Amino acid sequence: MATTRHILAIDQGTTSSRAILFDATLRVVATAQREFPQHFPASGWVEHEPEDLWESVLATCREAMAKGRVSGNEIAAIGITNQRETTLVWDRRTGQAIHRAIVWQDRRTAAACAKLSEAGHDSLVSERTGLRIDPYFSATKIAWLLDNVPGARKRAEAGELAFGTVDSFLLWRLTGGAVHATDATNAARTMLFDIRRGVWDADLLKILDIPASLLPEVKDCAGLFGRTAPEHFGATIPVRGMAGDQQAATIGQACFTPGMVKSTYGTGCFALLNTGSEPVISQNRLLSTIAYQFGGKRSYALEGSIFIAGAAVQWLRDGLGIIEKASETGPLAEAADPSQAVYLVPAFVGLGAPHWDAEARGAIFGLTRNSGPREFARAALESVCYQTLDLLEAMQADWPGARQGGSVLRVDGGMVASDWTMQRLADILGLPVDRPEVLETTALGAAYLAGLDAGLLPEPERFADLWRLEHRFMPGMAATQRERLVKGWRDSVRRTLTA
Ligand SMILES: Nc1ncnc2c1ncn2[C@@H]1O[C@H](COP(=O)(O)OP(=O)(O)O)[C@@H](O)[C@H]1O
Ligand SMILES: O=P(O)(O)OC[C@H](O)CO
């Protein structure tokens, strides 16, 4: 007899799409993953082909269902989680995007952002959205599309076009164009959303000249978003959960208590500290954002966003060709010459928190005639550890609660497979680093949201009891060595910054 007690999580990330099928106890039944091409049409520009996003999602969902021998009518709910900020605009009639997706890493709107700052809008943006004016967020990407795709502005004003982050675009496609919605966490990343009142901000829309008719409806993270058109999975499945990937990871890591912090190491690295029911406006160049919204009630987080983490490992593989697989970096780093102080500042697309230097570009310091692939690998992995330290220090300076709850760091994402990196992270931070049993934390968070709304899973407090530790990495480095290494990193960053 068919049961409908499975949950399908869609995790649409920057470099790949994943579908993970869970049973009703959140045990993984089957997974599928597909990478898709990255497009770099100009220096600092990053684009995705919208059909690649859609087709890879559809294919991975079908593959996971086939592997798990689960049919559409055995799936109780779908949860969607996604790379955030990445911006799509599509035609409401055909569902076709008017341009490639402009990816969160894309810096093409740096000059537009500088103009907004010069016009004196910094404090308005920070007070309303919790963000800072930066090309990272969707707002200036939308404006760029309206100004640069022929006819787009006219069509937008006529109500013919829809904007969405990737979650919205997928929901539109999954529901056969029936639903144009997003959730509060994704909306919070657009630089157009008032995170206190939970509404699109009319003043910001006016400043950026973005018609409100483009925007999706904003919902809770757990709730009925819509139902899939039957042609996709042979059944109409309700979509009941949605959150940006870093917020989904925060949920999957069960960081529901103020003071708890998680850091996810994928293409970039994102640390989120739960600050409870009030947003904390950072004095140390962090972001304030919505962590989750249930029953119309928002919880907030301080976020540190690093643009390049695993992407530095990809650069070693695809750019320099010194490794074939990401997993080779740990053993190479282990064998690196301890007497060489080689630092990589991976500002390939500028630097994010806490520096926010859109014009900076990557640099390597401390090379000698003996430097080679081992030292490059160590420098790439260590750059992720140093950047995390910079974020956690900023969090502690911003919010006293960070010092109490933040005595341990929960980690997840593709890079945490590297034991060497996790040990180095604990050493550099001087903090224990906890790696959970389930590393697909992002998908787990999305599945939890969908399962919660479907009535299959318990309230957050009880879900938090199910979190399981796989390994705790304890700090072991001598303080003098740590201080020397951190000083070298800070000198390197100083020499890389443009202002
Ligand atoms: N063993 C490893 N050591 C170091 N880096 C790794 C390892 N395994 C994966 N990575 C890196 O992790 C990233 C993939 O993580 P993932 O969470 O899948 O990213 P995303 O969701 O951003 O696509 C890649 O950039 C890859 O280079
Ligand atoms: O695709 P990821 O996992 O690197 O996450 C991307 C972030 O959501 C960008 O803000």
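## The surroundings of ligand 2

In this predicted model, the residues that surround ligand 2 are Gly13, Thr14, Gln83, Arg84, Glu85, Trp104, Gly244, Asp245, Gln246, Gly266, Thr267 and Gly268. Sorted by class, this shell holds eight polar residues, three charged residues and one nonpolar residue.

Where in the chain does the shell around ligand 2 come from? Domain 1 (6–246) supplies at least three of its residues, and domain 2 (254–436 + 468–499) likewise supplies at least three.

## The surroundings of ligand 1

Around ligand 1 there are 19 residues, and those that come nearest are Gly13, Gly266, Thr267, Gly310 and Gly414. Two elements, α11 (310–319) and α12 (329–334), each give two or more residues to this shell, and α11 gives the most, with four residues.

Which classes of residue make up the shell around ligand 1? It has 14 polar residues and five nonpolar ones, while charged residues are absent from it; the shell around ligand 2, by contrast, includes three charged residues.

Ligand 1 lies between domain 1 (6–246) and domain 2 (254–436 + 468–499), because both of these domains give residues to the shell around it.

## The annotated N-terminal span

An unreviewed UniProt entry places the feature "domain: Carbohydrate kinase FGGY N-terminal" at residues 7–252. In the model, this span of residues 7–252 is 34% helix and 26% strand, and the C-alpha atoms at its two ends lie 14 Å apart.

Note on methods:
Residues numbered from 1 in each chain as written. Chains lettered and ligands numbered in written order. Predicted model: local features only at pLDDT ≥ 70, side-chain atom pairs only at ≥ 80, totals over all residues. Near = placed C-beta within 6 Å. Nonpolar A, V, L, I, M, F, W, Y, C, P; charged D, E, K, R; others polar. Domains from an automatic or database assignment. UniProt positions renumbered as here; feature names shortened; annotations may be inferred.
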